[in-house]
Amino acid sequence: MKSIRKELGLPQAPRDRLIFALDVDHLDEAERLVKELSPHVGMFKVGSRLFTSAGSLVVDLVHGMGSSVFLDFKFHDIPEQIAGAAREIARQRARLFTVHALGGPKMIEAVTRSLRSMTLIPGVSPPVCCAVTILTSHSQEELKLLGFNDSILSYAQRLAKMAVTAGAGGVVCSGHELSSLRSILPTSTLYVVPGIRGPSDEHADQVRVMTAGKAVQAGATWVVVGRPIRDAREPASIAQQIVEEIAEAEANEQT
Ligand code: C5P
């Protein structure tokens, strides 16, 4: 399993599969967490909140500590705009970035074309475009309010299939949809799973939650954890516990 991962350029050590969501407001808070957590996590996820405050300085900060960056802006706009944004993401040397699958196939195809047409520094891979299916904070009732009456699973399947056909390399989904998405998508698809909570963690605004171990067993390539680490008294020790949980789960992973 590990040698296949190496060939595909996928995370190999349990630590590489843990993405920390760097959801803070200021660069100095980010710096403290990046310094503390870079030995324990594989990647730092920067979202619209921190990027709006700190801009690309935060990308330099993470790269400077020798870690990889996931730019999670969940783009959803006309194809031309997002194709241009994807080029900038590649120039920032992010490893992953997100678009909303609801942006549609033309938007995702434009992203794919734009990334393919770029000349990158030798040895630097283009970022993987990951399509967000249904946010892990949405419940079935909330989707109904938005006018979506089918099940979350059927929307997640439809959106993921469309996005991957249009060229997305990965999908963002809850752990609950993982095994059914894996049964319909190509084996090369990568899975980013947020909404990770331990049995005693507060769910807060997350609805479709799962433990890191269960998500890895179900086939998550990466798990994304934010508040359970960020708000802990000792963030590094919680991150390390999650890495150990991932390592144990790998023994029972569905391949
Ligand atoms: O703090 P918590 O662990 O809930 O953080 C989850 C992170 O994953 C947040 O940064 C959020 O933006 C992100 N995310 C999510 N659901 C998605 C996609 C991304 O919670 N579908």
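With which residue does Asp-150 form a salt bridge? In the predicted model examined here, the partner of Asp-150 is Arg-158, and the closest N and O atoms of the two residues lie 3.2 Å apart. Asp-150 has a relative accessibility of 36%. This value falls between the limits of 20% and 50%, and Asp-150 therefore counts as partly exposed.

The contact between Asp-150 and Arg-158 belongs to a wider set of charged pairs, since a search of the whole structure finds eleven salt bridges. Another of these is formed by Lys-45 and Asp-72, for which the closest N and O atoms are separated by 2.6 Å. This pair links distant parts of the chain: Lys-45 is located in strand β2 (residues 43–47) and Asp-72 in strand β3 (residues 68–75), with their positions 27 residues apart in the numbering. Both partners lie under the 20% limit for burial: the relative accessibility of Lys-45 is 9%, so Lys-45 counts as buried, and Asp-72, with a relative accessible area of 6%, is likewise buried. The interaction also forms part of a network of salt bridges, in which Lys-45 and Asp-72 are linked together with Lys-74.

A further salt bridge joins the side chains of Arg-208 and Glu-177, at an N to O distance of 3.0 Å. Here too, distant parts of the chain are connected, the two residues being 31 residues apart. Arg-208 is situated in the loop between β7 (190–193) and α10 (212–217), whereas Glu-177 occupies the loop between β6 (170–172) and α9 (178–184). Arg-208 and Glu-177 are both buried.

Attention now turns to helix packing. Two packed helices are described by the angle between their axes and the distance between the axes. For helix α2 (residues 27–37) and helix α12 (residues 235–250), the angle is about 45 degrees and the axes are 9 Å apart. An angle of about 45 degrees lies above the 35 degrees under which helices count as roughly parallel and below the range of 65 to 115 degrees assigned to roughly perpendicular pairs; α2 and α12 are therefore oblique to each other. The crossing of α2 with α12 is right-handed. On the side of α2, the contact is made by Leu-33, Glu-36 and Leu-37, and on the side of α12 by Pro-235, Ala-236 and Ala-239. Classified by residue type, the contact comprises five nonpolar residues and one charged residue, with no polar residue.

Conventions
Residues numbered from 1 in each chain as written. Predicted model: local features only at pLDDT ≥ 70, side-chain atom pairs only at ≥ 80, totals over all residues. Heavy atoms only, no water. Salt bridge = Lys/Arg side-chain N within 4 Å of Asp/Glu carboxyl O. Helix = DSSP H or I, 4+ residues; strand = E, 2+ residues; numbered from the N terminus. Buried < 20%, exposed > 50% of the residue type's maximum accessible area, 1.4 Å probe, protein only. Axes fitted to C-alpha atoms, helices over the stretch in contact; angles between N-to-C directions. Parallel < 35°, antiparallel > 145°, perpendicular 65-115°, else oblique. Left-handed = near helix turned anticlockwise from the far one by under 90°. Contact = heavy atoms within 4.5 Å. Nonpolar A, V, L, I, M, F, W, Y, C, P; charged D, E, K, R; others polar.
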